[in-house]
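Thank you all for making time this morning. I would like to walk you through the charged side-chain pairs in the structure on the screen.

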Amino acid sequence: MGEVSPAFIQDIEHRPKVVGAIAEAEGIPLIDLSALINSPDDHQAIESLVAEVRSASKEWGFFQVINHGVPLEKLRRLEEAARKFFGQPLEEKRKVRRDELSTLGYYDTEHTKNVRDWKEVFDFTFHDPTLIPASYRPDDEEVTQWSNKWPENLPELREACEEYAKAVEELAFRLMELIALSLGLPADRFRGFFNDHQTTFTRLNRYPPCPAPHLALGVGRHKDSGALTILAQDDVGGLEVRRKSDGEWIRVKPIPNAYIINIGDLIQVWSNETYESVEHRVMVNSEKERFSIPFFFTPAHYTMVEPLEELVTKQNPTKYRAYNWGKFMVTRKRSNFMKLNVENIQIHHFRIPENKNN
C-alpha cells in the first residue's frame, strides 16, 4: 500500500490521536462464560451472567468474553491460513477478488464513511450459497445468491474458515440467548431470525504497517449494522470504542484468548433502544501489521426489522419503522465499492421522530 494517497486521509476532526493521547479501556467489562458452557442448568450462575450482559450492553455496548467454548486450535489454524493467504502476491489474491455482484472474497479498496480504509480483507459466508436481494431498489423483488470464492492453491484456508465459523456460530446463539434473557424475553426469542437462510459472514482482516498512522485509519468510525459482532484480534491492538458516557475514544486492550463482543444496530432496533450500537474504529501503526477476525451475526435477507412488540409500551412507543434487512444490507454494501456523494443508509433513516407534544 506504500505511500498514503488522498483517498485514505481522514478529515481533520476524525484523524486518530497520537499514541499516548488515547486512554486504554480497562473499564470494558470482561465476562467469564464458563458457567454457561459447563453448567447451563445452574440458574443462579446464569442469572448472574445475564445481569453482567445487561449492564455491559447498557453502559458500553461492548464487552469481552473468556471461557467461551470456542476451541483455541480452530482460531490458531485460521490465523495461520489467513497469514499464508495475505502473504501471497497481489495477483494471486486477486484471483478470488470480490465484485459488485458478489461481495465475497478478497478486497483491498473498501470505504467507510466514504474514506478508503487502510486494510485488505477476505470475506466468506456461513451458509454457501447465501440468498440476498438482487438489487437495492425497493421495487425489485428478485433474489440472487452469493457464493464463496476459495483460492485453489490454499485448500487449508477453506477448511479452517468453515470449521471456525461453525464453532463461533454456537457462541453467537449462546450470546443471543443471554441478551434475550437480559431484555426479559424468552431465551430463544431471536433464534428464528437466524435460520438456514441467515446472511452471517466472517471477515479476515489484515492491516499493513502505515507510513502515516496520524492521517489514516484501518477502519473509519462506524457502527455495525448486524445483530452481534464476535471479534478475535491479535496482540497488536488498535480497536477503539467511543465511550457512551463522554464520547471519548477508548483503546480496547487485547486479552489473550478473549473475544470482543459488540451490540449491533439490529439489537438496537429490536430492543427499541434499550441497548444501543456504539461507534468504533481501528487504528494502524507504522511498525507492525495487525490481524483480526470479526464474525458478523446477521439474519435471513427477508427479515423485517422493527422493535419487538414485547418491548413496546405506551410509555415506550416504537422508535423505528420496519425495514427489510436484505435491502438494507445490499444498500450498505454499495458504499464499499464506490465513494458516494451522500450518506450511506443508516438505521436513523428509519427512526420515528418523537412527538414533542407528549
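**Salt bridges in the predicted model**

When the whole structure is searched, 24 salt bridges are found, and please keep in mind throughout that we are looking at a predicted model. As background, side chains of opposite charge can pair when their charged atoms come close.

Let me begin with a pair inside a helix, where R158 and E162 form a salt bridge whose closest N and O atoms are 3.0 Å apart. Both residues belong to helix 5, which covers residues 155-182, and they are four residues apart, about one turn of the helix. R158 is partly exposed, with a relative accessible area of 38%, and E162 is likewise counted as partly exposed, at 38%.

What, then, does the side chain of R242 meet in a salt bridge? Its partner is E279, with an N to O distance of 2.8 Å. Because R242 sits in strand 13 (residues 239-242) while E279 sits in the loop between helix 6 (265-270) and strand 16 (280-282), this pair ties together parts that are 37 residues apart in sequence. R242 is partly exposed, at 26% relative accessibility, whereas E279, at 17%, counts as buried, since the cut-off for that label is under 20%.

The next pair is D246 and R243, whose side chains meet in a salt bridge at 2.7 Å, N to O. D246 is partly exposed, with a relative accessible area of 42%, and R243 is partly exposed too, with 26%.

Finally, there is a network to look at, in which R83, K93, E120, R206 and E289 are joined by salt bridges that share partners.

Definitions and conventions. Residues numbered from 1 in each chain as written. Predicted model: local features only at pLDDT ≥ 70, side-chain atom pairs only at ≥ 80, totals over all residues. Heavy atoms only, no water. Salt bridge = Lys/Arg side-chain N within 4 Å of Asp/Glu carboxyl O. Helix = DSSP H or I, 4+ residues; strand = E, 2+ residues; numbered from the N terminus. Buried < 20%, exposed > 50% of the residue type's maximum accessible area, 1.4 Å probe, protein only.
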